[in-house]
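Please look over the chain shown here before turning to the notes on its fold, its core and its side-chain pairs.

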Amino acid sequence: MLRRIALRLAARAALLQAAALVEVALVDGAGQRAPGQGLSWTLVREDWSYDWYLDGGQWRWRRTGRDVPINAGALNVAADKFAEIAQEKMKSGDYRLVITDPNSGAESSMRFYVGWGGGANDAN
């Protein structure tokens, strides 16, 4: 059975106040909302380090990341409404939410930034 997990940030303004609310829906192969039991979720903080190095006489940089687990849990999704995952008192920084449906094997993830400013970006 083909299923997909849909994620949506419910209130972007809350991200400036160190809180996140994500809405979760399960969708079947026909695009219709579907119920689901026992979806597992994990919230990680993406901790970035930046290193400078000399390459052929030119300075370059690279970033390396480390995942810091913040919270995890399980949730059930009804076909007629969104399930919600809320987290408060978050430090400013980059985060990733990963949700897995063990029944179908579907997995979805969402990156977001909490606080003022912006998240890490590989663009020069």
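The briefing below starts with the chain as a whole and then takes up the core, the aromatic rings and the charged side chains.

This is a predicted model, and every value given here is computed from it. The protein chain holds 1 helix and 8 strands, which follow one another along the sequence in the pattern β-α-β-β-β-β-β-β-β.

**The chain as a whole**

- The protein chain has 124 residues, of which 33% count as buried.
- When contacts in the protein chain with a separation of 6 or more are considered, 61% of them are between residues 24 or more positions apart.
- The area that the protein chain exposes is about 7,800 Å², and carbon and sulfur atoms supply 48% of that area.

**The nonpolar core**

- The largest nonpolar core is made up of 23 residues, and those with the most contacts inside it are Ile5, Val24, Leu75, Leu97, Ile99 and Phe112.
- At least two residues of this core are supplied by each of strand E1 (3-9), strand E2 (20-28), strand E4 (36-55), strand E5 (58-77), strand E6 (83-87), strand E7 (93-100) and strand E8 (107-114), and the largest share, 4 residues, comes from E2.
- Ile99 can serve as a way into this region: leaving aside its neighbours within four places in sequence, Ile99 is in contact with Ile5, Leu7, Val24, Leu39, Ser40, Trp41, Ile85, Ala106, Glu107 and Ser108.

**Aromatic pairs**

- The structure holds 2 aromatic pairs; in one of them, the rings of Tyr50 and Trp61 have their centres 5.9 Å apart and their planes at 50°, so this pair is tilted.
- The Tyr50 and Trp61 pair links distant parts of the chain, since Tyr50 is in strand E4 and Trp61 is in strand E5, 11 residues apart.
- Tyr50 is partly exposed, with a relative accessible area of 44%, and Trp61 is also partly exposed, with a relative accessible area of 29%.
- In the pair formed by Tyr95 and Phe112, the ring centres are 6.0 Å apart and the planes are at 15°, so this pair is stacked.
- Tyr95 in strand E7 and Phe112 in strand E8 are 17 residues apart, and their pairing links distant parts of the chain.
- Buried or exposed, how do Tyr95 and Phe112 count? Both Tyr95 and Phe112 are buried, and Phe112 is also among the residues with the most contacts inside the largest nonpolar core.

**Charges over rings**

- The charged end of Arg33 sits over the ring of Phe82, at 4.4 Å from the centre of that ring.
- Arg62 lies over the face of Tyr53, and the distance to the ring centre is 4.5 Å.

**Salt bridges**

- Side chains of opposite charge can pair when their charged atoms come close, and the structure holds 7 salt bridges.
- Asp47 forms a salt bridge with Arg66, in which the closest N and O atoms are 2.9 Å apart; Asp47 lies in strand E4 and Arg66 in strand E5, so the pair ties together parts that are 19 residues apart in sequence.
- Asp47 counts as partly exposed at 25% relative accessibility, whereas Arg66 counts as exposed at 51% relative accessibility, a value over the 50% cut-off.
- Arg60 forms a salt bridge with Asp55, with the closest N and O atoms 3.1 Å apart; Arg60 is partly exposed, with a relative accessible area of 35%, and Asp55 is partly exposed, with a relative accessible area of 38%.
- The side chains of Arg96 and Asp67 meet in a salt bridge at 2.6 Å, N to O, and this pair links distant parts of the chain, with Arg96 in strand E7 and Asp67 in strand E5, 29 residues apart.
- Arg96 is buried, with a relative accessible area of 16%, whereas its partner Asp67 is partly exposed, with a relative accessible area of 42%.
- Which residues are joined into one network by salt bridges that share partners? They are Glu46, Asp67, Arg96 and Arg111.

Note on methods. Residues are numbered from 1 along each chain as its sequence is written. This is a predicted model: local features need pLDDT of at least 70, side-chain atom pairs count only at pLDDT 80 or more; totals for chains, interfaces and linings use all residues. Side-chain values use heavy atoms; hydrogens and water are left out. A nonpolar core is a set of buried Ala, Val, Leu, Ile, Met, Phe, Trp, Tyr and Cys residues joined through side-chain atoms within 4.5 Å. Buried means under 20% relative accessible area, exposed over 50%, partly exposed in between (1.4 Å probe, protein chains only). Contact means heavy atoms within 4.5 Å. Rings of Phe, Tyr and Trp (its six-membered ring) pair if their centres lie within 6.5 Å; planes under 30 degrees apart count as stacked, over 60 as edge-to-face and the rest as tilted. A charge sits over a ring if NZ of Lys or CZ of Arg is within 6 Å of the ring centre and within 35 degrees of the ring normal. Accessible areas come from the Shrake-Rupley method with a 1.4 Å probe; for residues, only the protein chains shown count as cover. A salt bridge is a side-chain nitrogen of Lys or Arg within 4 Å of a carboxyl oxygen of Asp or Glu.
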